[in-house]
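This report describes how one helix and the strands around it are arranged. The sequence and the structure are shown first, and the description follows.

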Amino acid sequence: MKLVFAGTPEVAVPALDALIASDRHEVAAVVTRPDAPYGRGRRLVASPVAQRAEEEGIEILRPARPRDEAFLTRLREIAPDCCPVVAYGALLPRVALDIPANGWVNLHFSLLPAWRGAAPVQHAVIAGDETTGAATFLIEEGLDSGPVYGVITEDVRPTDTSGDLLTRLAFAGAGLLAATMDGIEDGTLKAVRQPTEGISLAPKLTVEDARVDWAAPALRVDRVVRGCTPAPGAWTVFRGERLKLIQLRPTPDRTDLTPGEPAVGKNSVHVGTGSYAVELLWVQPQGKKPMRAADWARGVRIAPGERLGAAEGAADVR
């Protein structure tokens, strides 16, 4: 089939590579978000998908909005048989959905109908799911509600961050998307309507969603930190400044600390939660680089009575 691939971030590149490598399909063009300002100089930088397409000499379409007439006209001229999608980042209007003969087929990183929305992997980790996966489905105007072509499953490992899990799903899902294109092309694959039960939503996580509640059980604290890593980044407050929490681990044998209370050892930092303590491993103070939690604690010299999650190290701000 003649394909127009839609995607923007790094997580979409493995799928694009799989389709480029296929001897059954032609990637005629890619659709991606416009170049965006990056870094201190705020210079415009092309998306990872655009950079990969440029390396391959593939035409790049960067509409400000997918309903822009110039974009729709060019898409009609290309006349794709199908438009595979991975994390494109914009809603597709009906007029665009109707152009390819076999529609737009999305690779979504959950086992639909679970975790429909922008952050399925993060929500799966935070919820404590033991198994997740990816699905390919035909895009409709509803939120991730279209009929499903195929799925793969993936175990959520005890120490997985959302970044770890998403990386594995991106590569496994690339094979699923390529196989879905093959099945659509040869007519052996038919989309099946999603069940009406088991629907859950996965909206984009906000910075406030990533704030750690030390009164929550240790397992919940651990899941929030892993689910919010690398983005938006879990955090707490110490002495009125934000402290990013990069890595920690539950320590069930430590039950002597109250929520937010730190205990600094020679090479360790434990913090109390609503159940047992967690050990901080890596943190990032405001305006500084990531560092080992023990090094941070030695530098700030935590005084008796100070706690994490408290304004100016005193009153609890939960």
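In strand 14, A277 is the bridge partner of T251. The model is a predicted one. Strand 11 and strand 14 run antiparallel and are joined by eight bridges.

**Strand 14 and its partners**

Strand 14 also pairs with strand 13, in the antiparallel sense and over three bridges. Here H270 stands opposite E279 of strand 14. Five residues lie between strand 13 and strand 14, and the two strands form a hairpin.

A further antiparallel pairing, over two bridges, links strand 14 to strand 15. Within it, V283 stands opposite M291 of strand 15. Strand 14 and strand 15 form a hairpin as well, with five residues between the strands, and in this hairpin G287 takes a positive phi near 80 degrees.

The table lists the pairings of strand 14.

| Partner strand | Sense | Bridges | Residues opposite each other |
|---|---|---|---|
| Strand 11 | antiparallel | eight | T251 and A277 |
| Strand 13 | antiparallel | three | H270 and E279 |
| Strand 15 | antiparallel | two | V283 and M291 |

Seven of the nine residues of strand 14 are buried, so the strand is largely enclosed by the rest of the structure.

**Helix 8**

Helix 8 covers residues 293-300, and its buried residues are A293, A294, W296 and A297. Viewed down the helix axis, these buried residues fall within an arc of 160 degrees, so they line one face of helix 8. They pack against several strands, including strand 11 (241-251), strand 13 (269-271), strand 14 (277-285) and strand 15 (291-292). Strand 10 (235-238) and strand 12 (262-264) are also among the strands they pack against. After helix 8 comes R301, which has a positive phi near 50 degrees.

**Aromatic rings**

How many aromatic pairs does the structure hold? There is one. F238 and W296 form this pair, which is edge-to-face, with 5.4 Å centre to centre and 75 degrees between the planes. The pair links distant parts of the chain, since F238 belongs to strand 10 and W296 to helix 8, 58 residues apart. F238 has a relative accessible area of 6%, so it counts as buried. W296 is likewise buried, with a relative accessible area of 6%.

Another ring has a charge over it: the charged end of R242 sits over the ring of W235, 4.0 Å from the ring centre.

Methods:
Residues numbered from 1 in each chain as written. Predicted model: local features only at pLDDT ≥ 70, side-chain atom pairs only at ≥ 80, totals over all residues. Heavy atoms only, no water. Buried < 20%, exposed > 50% of the residue type's maximum accessible area, 1.4 Å probe, protein only. Helix = DSSP H or I, 4+ residues; strand = E, 2+ residues; numbered from the N terminus. Arc of directions from axis to C-beta. Contact = heavy atoms within 4.5 Å. Phe/Tyr/Trp six-rings, centres within 6.5 Å; stacked < 30°, edge-to-face > 60°. Lys NZ or Arg CZ within 6 Å of the ring centre and 35° of its normal. Pairing = 2+ DSSP bridges.
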